[in-house]
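Here is a look at how the strands and helices of one model fit together. Have the 3D view open and follow along, section by section.

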Amino acid sequence: MRSFTHITSIPNNATATVGPVRFGVRWVDGGPPVRAEIIVMPFRETGSLSYEVALGETFPVGEETWRFADLDMKNADQWEVTVRRVDENEEMTPPTGRVWKSARLRPYGQLDEAQLTAVEQEIGLRLPPEYRDWLRRTNGAQPEVEHHVPGLPFMLMPERPLLGVHPQYPHVDLAHAQRVHRDAWLSPAWLVVANASGGLLVVAAREPHDESVHFLPESGMRGAFGAGGTAERERHLRPVARSFGYFLGRLTPFDAGDLPPARLVFPGDPGHSRHEEQPR
């Protein structure tokens, strides 16, 4: 077997065909070290093979050797892996891609079923399932530094966190936010989950199978309080993510948003060991 080309890029949720094989990528991990699970699917065979490799490592494709050569990672759900056929004694071309820096959030704790039910009764709606599960596990979360979704004009910060059940601290309490922020500007079809700098972050809360996250900028918060101007204000809502999980996957520390391309760390390089940010 001989491939028709020596390099190809594989986007998330897609495959790339090179001669007699297709490549896919099951997951990527920004590390360090940067890793990915690469799937090799020969057309003339019924099965497929998968290889977990670090950036720079090689894997077999029939009689050839290929390398995980680069990664360009916009966020947890948008990325592109580059693989390259390696000839004998070929040196590694330095990578140029960016590695997304995941959100640095400190959970406040956990909630039990009785607490979740109580807050639902207080705000008068059933929490969207995915958000409800996240709230159960975290009771909201405080950003360690300023965070944003690139391209959108809002910011979460330590003093403007993702809300939880904290009745003793109204400025970070979910039920208080519905009374003060949602009921003033939006209909009960929305759930305010953060009073961000620049506007409100809200989750769709009434339609089945719709847990999309939107942003209401301060420029859209105008007119008479209450239901009178709700329809007009809701026309200012801007989509952020199709679910709360996808929102967390796009949330980026602001101090990493506009930096030059991150250096991708290879196994054996200083700083290659795994580490995780832990809530304090």
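## The sheet around strand 8

Let's start with one pair: Ser 9 has Thr 82 of strand 8 as its bridge partner. This is a predicted model, where local features need pLDDT of at least 70 and side-chain atom pairs count only at pLDDT 80 or more, while totals for chains, interfaces and linings use all residues. Residues are numbered from 1 along each chain as its sequence is written, and side-chain values use heavy atoms, with hydrogens and water left out. Helices (H or I, at least four residues) and strands (E, at least two) are DSSP runs, counted from the N terminus.

Strand 1 (residues 7-11) and strand 8 run antiparallel and are joined by five bridges. On to strand 7 (residues 64-75), which is also antiparallel to strand 8, with eight bridges between them. Two of the partners to look for in strand 8 are Arg 84, opposite Arg 67, and Val 81, which bridges to Leu 71. Strand 7 and strand 8 make a hairpin, with two residues between them.

Put together, this is an open sheet of four strands in the order 1-8-7-6, paired antiparallel; strands count as paired if DSSP finds at least two bridges between them. Strand 1 and strand 6 (58-61) sit at the edges with a single partner strand each, so one side of each has no neighbour in the sheet. From one strand to the next, the twist averages 35 degrees. As a reminder for viewing, side chains in a regular strand alternate between the two faces of the sheet.

## The sheet further along the chain

Which strands make up the open sheet with the order 12-13-14-15? Four strands do, strands 12, 13, 14 and 15, and the pairing is antiparallel. At the edges are strand 12 (190-196) and strand 15 (238-241), each pairing on one side only. The twist here averages 35 degrees from one strand to the next.

Strand 14 (residues 213-217) and strand 15 run antiparallel, with three bridges joining them. Phe 215 is the residue to pick out, standing opposite Arg 238 in strand 15. Helix 3 lies across strand 12, strand 13 (199-204) and strand 14, and it runs at about 100 degrees to strand 12.

## Helix 1 and its two partners

Helix 1 (residues 113-123) and helix 3 (residues 174-185) have axes that come within 9 Å and cross at roughly 15 degrees. Axes are lines fitted to C-alpha atoms, for helices over the stretch in contact, and angles run from 0 to 180 degrees between N-to-C directions. The two helices are therefore roughly parallel to each other; the classes are under 35 degrees for roughly parallel, over 145 for roughly antiparallel, 65 to 115 for roughly perpendicular, and oblique for the rest. Contacts (heavy atoms within 4.5 Å) bring Val 119, Glu 122 and Ile 123 of helix 1 up against Leu 174, Ala 175, Gln 178, Arg 179 and Arg 182 of helix 3.

The partner at the other angle is helix 2 (residues 129-138), which packs on helix 1 at about 125 degrees with the axes 10 Å apart. That makes helix 1 oblique to helix 2. On the helix 1 side, the contact uses Glu 113, Leu 116, Thr 117 and Glu 120, and on the helix 2 side Arg 132, Leu 135 and Arg 136.

## Salt bridges

How many salt bridges turn up in a search of the whole structure? Twelve, where a salt bridge is a side-chain nitrogen of Lys or Arg within 4 Å of a carboxyl oxygen of Asp or Glu.

One to look up joins the side chains of Glu 144 and Arg 104, at 3.6 Å, N to O. Glu 144 is in the loop between strand 10 (141-143) and strand 11 (147-148), and Arg 104 is in the loop between strand 8 (78-85) and strand 9 (105-107), so the pair ties together parts 40 residues apart in sequence.
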